[in-house]
Amino acid sequence: MHRPEIGVDIEKIQLLLSFKMQGAHLVSASFDDYQSLVDAVSLADVVICAISGVHIRSHQILLQLKLVQAIKERFVPSEFGTDPARMEEAMEPGRITFDDKMVVRRAIEEAGIPFTYVAANCFAGYFLGGLCQPGFILPSRERVTLLGDGNQKGIYVDEDDIAAYTLKAIDDPRTLNKTIYVKPPKNVLSQREVVQIWEKYIGKELQKTVLSEQEFLAVMKEQNYAEQVGLTHYYHVCYEGCLASFEVDDDQEATKLYPEVRYTTVEEYLKRYV
């Protein structure tokens, strides 16, 4: 489904056409036209939403409430990050992302719509490319700033792998009305471990600077609202280790449920930047 308000966004048009060339059937529907949403979702067995929840781009999580009104079949809402149900103690202003996702979850469950929630942890493109440094998406060959001691574990997942596990889950009765976690065992690494993999590739040790928790929070307060939201998420991942602080049962962990999917390791992912 695509929105008719796409205008002259040529990159979005090209993306949609690439989907069509791969066999997708494009359907136009608008969040401002309820009947168009009903007509669109009636064509599908499962609705997977990938609407943006990133404040530095466009945070539109609550628009999904209009989809909830139209859906009767299985719904996979736009989450694909940290499990919001585990972030009740998250800091302001970043907690708005988790709070909004929980609003959508409650609406889904109150409507009795079958669901699957996908907690995919850290998008590799945002975290690995910048060696887990906020504001960077390409790795430096000279220096890196470590967040705290750099030893808190994160979980990094290639975006294509997130899609593959999501598609596996929507046809699986084992994941119905459950949260599944994408936690590839080889990708549960600290920032220091990610940096060491990069240093091995480039054949040199990076100059390292340590940013303490207090310094990070002070810098964060100087940023605009959208930046603060994103930095709050980095804080919980890199200073508190929120992603790897709990165990996941095998029947809720994607790599255990679908061992046939060959996921991209951190080492493989970083090689593209060499």
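**Fold, surface and cysteines of a predicted model**

Biologist: How many helices and strands does the protein chain have?
Modeller: The model is predicted. The secondary structure of the protein chain comes to 11 helices and 11 strands.

Biologist: Which radius of gyration does the protein chain have, against that of a compact globule?
Modeller: The C-alpha trace spans about 55 × 45 × 40 Å along its principal axes. For 274 residues, a compact globule would have a radius of gyration near 19 Å. The protein chain agrees with that, at 19 Å.

Biologist: What share of the residues is buried?
Modeller: A residue counts as buried under 20% relative accessible area. Of the 274 residues in the protein chain, the buried ones make up 47%.

Biologist: What part of the exposed area do carbon and sulfur atoms supply?
Modeller: The protein chain exposes about 14,300 Å². Of this area, carbon and sulfur atoms supply 52%.

Biologist: How far apart are the centres of the positive and negative side chains?
Modeller: The protein chain has 29 positive and 41 negative side chains. The centres of these two sets are separated by 4 Å.

Biologist: Why is Cys122 not bonded to Cys238?
Modeller: A disulfide needs two cysteine sulfur atoms within 2.5 Å. Cys238 holds the cysteine sulfur closest to that of Cys122, but this is too far for a bond because the distance is 7.0 Å.

Biologist: How many disulfides are there by this rule?
Modeller: Cys238 is in no disulfide either, as the nearest cysteine sulfur, in Cys132, is 5.6 Å away. By the 2.5 Å rule, the count of disulfides is zero.

Methods
Residues numbered from 1 in each chain as written. Predicted model: local features only at pLDDT ≥ 70, side-chain atom pairs only at ≥ 80, totals over all residues. Heavy atoms only, no water. Helix = DSSP H or I, 4+ residues; strand = E, 2+ residues; numbered from the N terminus. Rg over C-alpha atoms; globule rule 2.2 N^0.38 Å. Buried < 20%, exposed > 50% of the residue type's maximum accessible area, 1.4 Å probe, protein only. Areas by Shrake-Rupley, 256 points an atom, 1.4 Å probe, with all protein chains shown as cover. Lys, Arg positive; Asp, Glu negative; His and termini not counted. Charge placed at Lys NZ, Arg CZ, Asp CG, Glu CD.
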